[in-house]
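Welcome! Let's take a walk through this structure together, starting from the whole chain and ending at a pocket.

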Amino acid sequence: MIKEAVEFAVEAHKGGVRKGTQIPYIVHPLEAAVIVRSMTGDEELIAAAVLHDVLEDTDASEEEVRRQFGNRVADLVVKETDNKSLSWLERKTEKLKRVEAGNRDLKIVVLGDKLSNIRSIARDYLTEGESLWGRFNDKRKDAHAWYYWNMADRLKELAECEPYREYVSLCRQVFGEKKSEWNI
């Protein structure tokens, strides 16, 4: 199943690059899958991590994912998918609600995605500094800090996992300590 998911994702993301870079997009879902694999050997969760952005960022359909990978994988991918017709703040607020209400499986897949993202942000922040935020839809560092720290709260049940501890450490490195109030 994992091999099939990788092949599907490679084809779906063909030609895509990470925002503001020349890095092929497929690197991100593959890294997310490696992170998920470090927490579980569950092939469906690893496949969901590989596929987590295909509905949001490609022409792939939910029906294709469901038919090829089954209901559990498709349900996880759907819950990871943002509604791009909403504003950035609305999308992120909805994602936080879905993760908060989600089960441990969803939280593992989301942690794979978010840790991969914050690793990329931390790496680029070292070289680009504050100009990094210009590549994002919401260009405010505080908005991203609000989202990443609130996601950390929703993923706390994974605190025993090394990827969660790395995620929190990178949030501190990029954003500083969590604030009690956010001005977003």
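What follows looks at the fold, then an annotated region, then the largest pocket.

Keep in mind as you look around that this is a predicted model. The protein chain is built from 10 helices and 0 strands, so reading from the N terminus you meet one α element after another: α-α-α-α-α-α-α-α-α-α.

How do these helices fill space? The C-alpha trace spans about 45 × 35 × 30 Å along its principal axes. The radius of gyration is 16 Å, which agrees with the value near 16 Å for a compact globule because that is what the rule gives for 184 residues. Of those 184 residues, 49% count as buried, meaning under 20% relative accessible area. Many contacts reach far along the sequence: among those between residues at least 6 apart, 67% join residues at least 24 apart.

Next comes a stretch with a label. In an unreviewed entry, UniProt lists residues 21–127 as "domain: HD/PDEase". Over residues 21–127 the chain is 77% helix and 0% strand, and the C-alpha atoms at the two ends are 13 Å apart.

Finally, let's visit the largest pocket, which holds about 640 Å³ of space. It is lined by 29 residues, and the closest to its centre are Arg-18, Lys-19, Lys-92, Asn-117 and Phe-136. Two or more lining residues come from each of α4 (54–57), α7 (88–101), α8 (104–128) and α9 (141–154). Of these, α8 gives the most, with 6 residues. Sorted by class, the lining has 15 charged, 8 nonpolar and 6 polar residues.

Terms used
Residues are numbered from 1 along each chain as its sequence is written. This is a predicted model: local features need pLDDT of at least 70, side-chain atom pairs count only at pLDDT 80 or more; totals for chains, interfaces and linings use all residues. Side-chain values use heavy atoms; hydrogens and water are left out. On a 1 Å grid over the protein atoms alone, a cavity is a set of points where a 1.4 Å probe fits but cannot get out, and a pocket is an open set with protein on both sides within 12 Å along at least five of seven lines; lining residues have an atom within 4 Å of a point. Grid points are joined across faces, edges and corners, and a volume is the space filled by probe spheres set on the points. Helices (H or I, at least four residues) and strands (E, at least two) are DSSP runs, numbered from the N terminus. Ala, Val, Leu, Ile, Met, Phe, Trp, Tyr, Cys and Pro count as nonpolar, Asp, Glu, Lys and Arg as charged, and the others, Gly among them, as polar. UniProt positions are given in the numbering used here, feature names are shortened, and annotations may be inferred rather than shown by experiment. The radius of gyration is taken over C-alpha atoms; the globule rule is 2.2 Å times the number of residues to the power 0.38. Buried means under 20% relative accessible area, exposed over 50%, partly exposed in between (1.4 Å probe, protein chains only). Contact means heavy atoms within 4.5 Å.
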